[in-house]
Amino acid sequence: MDNAKKTKMNKDEPAVGARRRFLGQSALLGLAGAGLLTGCKEDAPVTKAPASAAAHAAGGTHEVAPGQLDDYYLFSSGGHSGECRIIGIPSGRTLRRIPVFNVDPMVGWGITNESKAILGTKPDGSLKYMTGDTHHVHGSYKDGTYDGKYLWVNDKMHSRLARIRMDTMECDKITELPNVMGYHGTFPDKRDPVDPNINYTTRVFCGGEFHVPLPNDGRDLDDPTKWGALFTCVDAESMEVRWQVRIDGNCDLVATSYDGKFAATNQYNTENAADQAGMMSAERDACVFFDIARIEKMVKDGKYTTIGKSKVPVVDGRKAANQDPKTAITCYVPVGKNPHGVNASPDGKYMVCSGKLSPTATVIEVALVEKWFNGELKTERDAVVAEPEIGLGPLHTGFDGKGNAYTTLFLDSQIVKWNVEAAIKQFKGDKNVKVILDKVDVHYQPGHGYASMGETKEADGKYFNSGNKFSKDRFLPVGPLHSETEQMIDITGDKMRIISDHTAYPEPHDAIIVRRDIVKTRQIYNMDDFPNAVKPENAGITREGKKVHVRLMSVAPAYSMPVIKVKKGDEVTITLTNHDKVEDLTHGCAIPNYDINFIVNPQETKSVTFKADKPGVFWMYCTHFCHALHLEMRSRFIVEA
Ligand code: RUQ
Ligand code: CUA
Ligand code: CA
């Protein structure tokens with residue numbers, strides 16, 4: 001829409017409206033210069049957000065009374081904090097933070113030997129990386145819905161995929177992807193493309209976003225024409241990299257079809273450019289579809305190469321090598337300019353790709369993509385069944401399971417509700433059909449948006465969460481760094497209704513909202529799951545040369561040894577098993593000046609190894625409140641000179 005219209009739309013709004021407009025226009029400025037914004041034809045009445053706390057209370061459905069439990073778990077990425085988070089929905093209460101690629105002294109992630117082994121270390125024993133950037137959290141599937149077993153999350157910074165066990169909500173494996181940089185979109189498959197018995201997740205797909213030399217070992221530094229991007233498949237169980245596909249253009253976000261046959265990734269850099277102007281030079285970009293069965297047949301038949309030191313099979317998915325649809329492994333469907341986000345509709349029929357620099361969403365019919373691969377469709381573009389104009393800066397789409405899509409509009413700072421079948425009719429020429437059903441202002445500039453169970457066959461149309469990138473005036477000021485706003489929207493009615501704001505530490509991207517009955521967590525650990533568990537028969541201190549092993553147990557409110565004596569220069573390993581069996585009875589273990597800090601939950605074992613390089617008395621103490629005598633729960637760690 002043009003600026004005049006936009007101004008009129010916001011005319012009656014008070015100060016908040018003015019601030020929205022400022023944000024919108026400053027964001028627009030950068031793009032308008034490049035002639036990237038075209039008008040949005042169809043307008044819908046904008047539903048105003050409740051302006052006061054009183055209005056929130058009157059709506060009230062986000063309220064969860066004291067002692068009551070939420071209906072859903074929201075599993076969120078944490079952006080460049082490197083962690084993941086669990087939030088109760090609809091209350092918006094943060095239930096837990098899961099350290100993944102970051103270091104977290106509260107639980108000891110990045111400090112204990114067990115977590116360091118998962119994170120990866122350098123030859124000197126220090127962590128290989130201390131940082132990460134999580135964007136996309138997705139759960140394992142069975143029968144088209146979540147099975148509550150695993151979550152996966154990407155690290156865009158160092159191109160790693162992490163897995164979280166949902167029974168303990170802890171990261172148990174991390175895999176570094178070879179040959180890629182800026183690994184961004186992630187999606188598990190929903191069933192096997194060939195074996196009908198495998199109706200659950202066995203693969204995780206990962207999109208490499210940045211073009212780099214292949215291999216990136218110092219060659220081709222100034223020749224971007226030789227650089228490339230790859231799409232990667234990781235085994236869901238072993239977490240080993242199975243194969244990669246070299247493509248033209250880049251990968252951004254990833255989605256999978258419900259029939260298991262295809263994975264898709266949107267591309268904003270079909271130009272293969274190394275600079276921003278180049279990445280915006282083409283009128284259209286693409287959404288690439290991968291034929292999983294054909295790729296795996298090629299790998300099986302040995303029709304692959306490898307890159308550098310990596311042994312991972314790489315097949316050629318570039319256009320030149322995939323001219324014949326009947327043997328092609330990739331299909332490049334043209335979509336709007338510099339798209340962002342690709343999402344599968346819960347009926348399994350469509351993939352929706354948002355335009356970002358084009359005010360459109362492109363609807364691609366999965367069955368038509370399959371026809372293309374069978375040589376029965378003239379052009380790739382013929383798989384597009386709708387391309388409605390929905391507003392400025394569309395990014396991500398959620399679904400309600402009733403045929404409606406909800407797309408975040410970054411530049412318009414709105415969520416737009418539109419009907420997919422209506423858009424298809426309009427595309428066929430029906431001028432009277434109503435595609436845009438509602439728009440609601442959000443505060444401000446939404447990135448991700450997702451609906452309750454929205455990426456499953458069980459999409460239930462209850463809530464849509466808008467992950468807003470700016471909060472400005474929504475919360476008490478806390479200094480130049482602002483919190484971000486997550487806004488819960490009730491999508492049960494014809495009109496969307498914002499029912500609550502909650503804060504988010506920067507900066508969440510994608511998340512999923514999972515029904516609570518699907519998630520089954522453990523209340524305590526099983527001691528036998530830990531091969532290094534300390535039991536009364538092996539507890540105590542042993543020495544082998546300069547290596548000292550302290551095997552310790554905790555039972556509230558004491559450690560099993562009141563005094564631990566080692567010598568300066570010893571390499572000390574402390575293994576601690578918590579023998580308490582009571583739910584929620586966690587102990588901590590901190591050693592001042594030695595930078596040791598971790599917790600052990602009921603029946604859990606963890607260990608740390610460090611050099612005793614400072615003589616003196618160091619009170620090892622419990623950091624996690626556990627008992628009336630919690631303060632007294634300490635032992636003397638004595639290092640003899
Ligand atoms: S991407 S908005 Cu990973 Cu959309 Cu964040
Ligand atoms: Cu043990 Cu506090
Ligand atoms: Ca482009």
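Author: Donors are N, O and S atoms within 2.8 Å of the metal (3.2 Å for Na, K and Ca); water is not among the atoms, so sites may look incomplete. This is a predicted model: local features need pLDDT of at least 70, side-chain atom pairs count only at pLDDT 80 or more, and totals for chains, interfaces and linings use all residues. Residues are numbered from 1 along each chain as its sequence is written, chains are lettered from A and ligands numbered from 1 in the order in which they are written, and side-chain values use heavy atoms, leaving out hydrogens and water.

Reader: What spacing do the donors of the calcium ion (ligand 3) follow along the chain?

Author: Its protein donors are Tyr268 (O), Glu271 (OE) twice, Met279 (O), Asp285 (OD) twice and Asn338 (OD1). They lie 2.3 to 2.7 Å from the ion. Along the chain the spacing is Y-x2-E-x7-M-x5-D-x52-N.

Reader: How many residues apart in sequence are the parts that Met279 and Asn338 tie together?

Author: Helices (H or I, at least four residues) and strands (E, at least two) are DSSP runs, numbered from the N terminus. Met279 is in helix H5 (residues 276-279), and Asn338 is in the loop between strand E17 (330-335) and strand E18 (340-344). So the pair joins parts whose separation in sequence is 59 residues.

Reader: Does Asn338 count as buried or exposed?

Author: Buried means under 20% relative accessible area, exposed over 50%, partly exposed in between (1.4 Å probe, protein chains only). Met279, at 21%, counts as partly exposed. Asn338 has 4% relative accessibility, so Asn338 counts as buried.

Reader: What is the volume of the second largest pocket?

Author: On a 1 Å grid over the protein atoms alone, a cavity is a set of points where a 1.4 Å probe fits but cannot get out; a pocket is an open set with protein on both sides within 12 Å along at least five of seven lines, and lining residues have an atom within 4 Å of a point. Grid points are joined across faces, edges and corners, and a volume is the space filled by probe spheres set on the points. For the second largest pocket, this gives about 660 Å³.

Reader: Which residues lie closest to the centre of the second largest pocket?

Author: The lining has 24 residues. H5, strand E22 (394-399) and strand E26 (446-451) each supply at least two. Closest to the centre are Tyr268, His340, Lys356, Leu357 and Leu395.

Reader: Which strand gives the most to the lining of the largest cavity?

Author: The largest cavity has a volume of about 90 Å³. Strand E9 (181-188), E18, E22 and E26 each supply at least two lining residues. The most, 3 residues, come from E9.
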